[in-house]
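Me: Could you take a close look at one part of this model for me, the enclosed space inside the protein and what sits there? I'd enjoy one connected walk through it.

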Amino acid sequence: MTSNDLIEHPVTLHPRRSTAADEAVRERWSVDAIDALLNLPFNDLMWRAQQVHRQHFDANEVELATLLSVKTGGCPEDCGYCPQSVHYDTGVKAEKLMASGEVRAAAEAARQAGATRFCMGAAWRAPKDRDIDAVAELVRTVKDVGLEACVTLGMLAEGQAERLRDAGLDYYNHNLDCAPDFYGEVISTRDYQDRLDTLGRVRDAGVKVCSGGIVGMGESRRHRAGLVAQLANLPEYPESVPINHLVKVEGTPLADQPDLDPFEWVRVIAAARITMPTARVRLSAGRQQQGDAVQALAFLAGANSVFYGDKLLVTGNPDVAADRTLFKRLGIVSRAGIPGVSGR
Ligand code: SAM
Ligand code: DTB
Ligand code: SF4
């Protein structure tokens, strides 16, 4: 690889305040350039990612975000990885939207445990306007507890992101999931463009964007480069980038997918860090299956956020006690302090 294969990026000490020159350079990560990153010798890739990470963040600080499924199951979409789709028999039952009292209790517990962000997921294809009113109430509840609020509700129609913003929403999560040329292998009920349109609506409303994808669905390394390129080349790249590792759920079409080499997950994290220097890169689904050593490598690759709490939406996550032990062993701290580990 020559130095011309990779587009270098300016160092900015003011994350997210971009200049026109910045925009022109950020343009732009070709799939080839990201593929070249992913093909670097592992130690070279780690070195590059660490350098970028340390220019923009405290390398030992990790954001803790807690997830809650506020509307579980019964989703009409056919995402091949998802335990909440009605198309697959996974044993997940459809439930109604949670009441605000239950959400408040969960948010308070998350704050006590040291989380700073609270993400609420709903298994909808697209919320109706009356759903937005109900979720706006949940967002106000989370803000009242003193946490950043994020929701993931599926595709948004015109005007809905503004209503969530007015309730105090900080982030909207909507994943691109994979490269455009792999998407048809996984989902048939909505298009890639639908996802990009929702991200555009979120951005235009002034709500921060959380968008990432999943590795381990049978995609190639080049497809993984294609996913990172899509995210990094958005008009403004996401503030938050969750990198999920497929959780294989019995009953879904991807249940028997062969295991992906864990270093591939770490490589994608490094590529996300290098191409989106000021984003929070989050270790998301599949962390429990990776073990401590692989997670430590993922932090070295530039991950600086995790889902923290005993459960993701319906599947498991490392329990809080296990995470605290790991953070202590690695010297990881968080902004709000982690009871028993740092700060309080
Ligand atoms: N229904 C909404 C949507 O899809 O936009 C929000 C919830 S959905 C569960 C959020 C994301 O979780 C998906 O886009 C996908 O990236 C991730 N996800 C779901 N099931 C997963 C699994 N089994 N393994 C890894 N990631 C998963
Ligand atoms: C994201 O990228 N991953 C989270 C969150 N955003 C909503 C969800 C992971 C779900 C894993 C499978 C489950 O528990 O349903
Ligand atoms: Fe699951 Fe979301 Fe897809 Fe519905 S839209 S099947 S909840 S990932």
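Reply: Happy to! A cavity here is a set of grid points, laid over the protein atoms alone, where a 1.4 Å probe fits but cannot get out, and its volume is the space filled by probe spheres set on those points. With that in hand, and keeping in mind that this is a predicted model, we can go inside.

The structure holds four cavities of 30 Å³ or more, and the largest cavity encloses about 820 Å³. Its lining is made by 39 residues, with Tyr-81, Cys-82, Gln-84, Asn-175 and Leu-313 lying nearest the centre. Strand 2 (117-122) and strand 7 (240-245) each give at least two residues to this lining. By class, the lining of the largest cavity comprises 22 nonpolar, 12 polar and five charged residues.

Now for the occupants. The space taken by ligand 1 is this largest cavity, ligand 2 sits in the largest cavity, and ligand 3 sits there as well.

Let's begin with ligand 1. It is surrounded by 17 residues, and the closest are Tyr-81, Thr-152, Asn-175, Asp-177 and Val-247. That shell divides into nine nonpolar, six polar and two charged residues. Two polar contacts of ligand 1 involve the protein backbone: a nitrogen atom of the ligand is 2.9 Å from a polar backbone atom of Val-247, and a nitrogen atom is 3.3 Å from a polar backbone atom of Trp-124. A side chain takes part too, with a polar atom of Arg-190 lying 3.2 Å from an oxygen atom of ligand 1. Taken alone, ligand 1 exposes 550 Å², and the protein buries 91% of that.

Ligand 2 comes next, and Asn-175 is a handy way to reach it. This residue is among the closest to ligand 1, and it is also among the closest to ligand 2, along with Asn-244, Leu-313, Val-314 and Thr-315. In total, 13 residues surround ligand 2. They divide into eight nonpolar, five polar and no charged residues. Asn-175 places a polar side-chain atom 2.8 Å from an oxygen atom of ligand 2. The side chain of Asn-173 has an N or O atom 3.3 Å from a nitrogen atom of the ligand. From the backbone, an N or O atom of Val-314 lies 2.9 Å from an oxygen atom of ligand 2. On its own, ligand 2 exposes 410 Å², of which the protein buries 89%.

That leaves ligand 3. The residues around it are Cys-75, Glu-77, Cys-79, Tyr-81, Cys-82, Ser-85, Ala-123 and Arg-190. By class, this shell has five nonpolar, one polar and two charged residues. Some names here will be familiar: Tyr-81 is also one of the closest residues to ligand 1, and Arg-190 is the residue whose side chain makes the polar contact with an oxygen atom of ligand 1. Tyr-81 and Cys-82 are also among the lining residues nearest the centre of the largest cavity.

For context, it is worth a look at the open space too. The largest pocket has a volume of about 430 Å³. It is lined by 25 residues, with Leu-67, Leu-68, Ala-106, Lys-311 and Leu-312 lying nearest its centre. Strand 1 (63-71) and helix 4 (100-113) each supply at least two residues of the pocket lining, which divides into 15 nonpolar, four polar and six charged residues.

Technical notes. Residues numbered from 1 in each chain as written. Chains lettered and ligands numbered in written order. Predicted model: local features only at pLDDT ≥ 70, side-chain atom pairs only at ≥ 80, totals over all residues. Heavy atoms only, no water. Near = heavy atom within 4 Å. Polar contact = N/O pair within 3.5 Å; in protein donor to acceptor, adjacent residues only side chain to side chain. Areas by Shrake-Rupley, 256 points an atom, 1.4 Å probe, with all protein chains shown as cover. 1 Å grid on protein atoms, 1.4 Å probe; cavity = no way out; pocket = protein on both sides within 12 Å on 5 of 7 lines; lining within 4 Å. Sits in = over half its atoms within 2 Å of the grid points. Nonpolar A, V, L, I, M, F, W, Y, C, P; charged D, E, K, R; others polar. Helix = DSSP H or I, 4+ residues; strand = E, 2+ residues; numbered from the N terminus.
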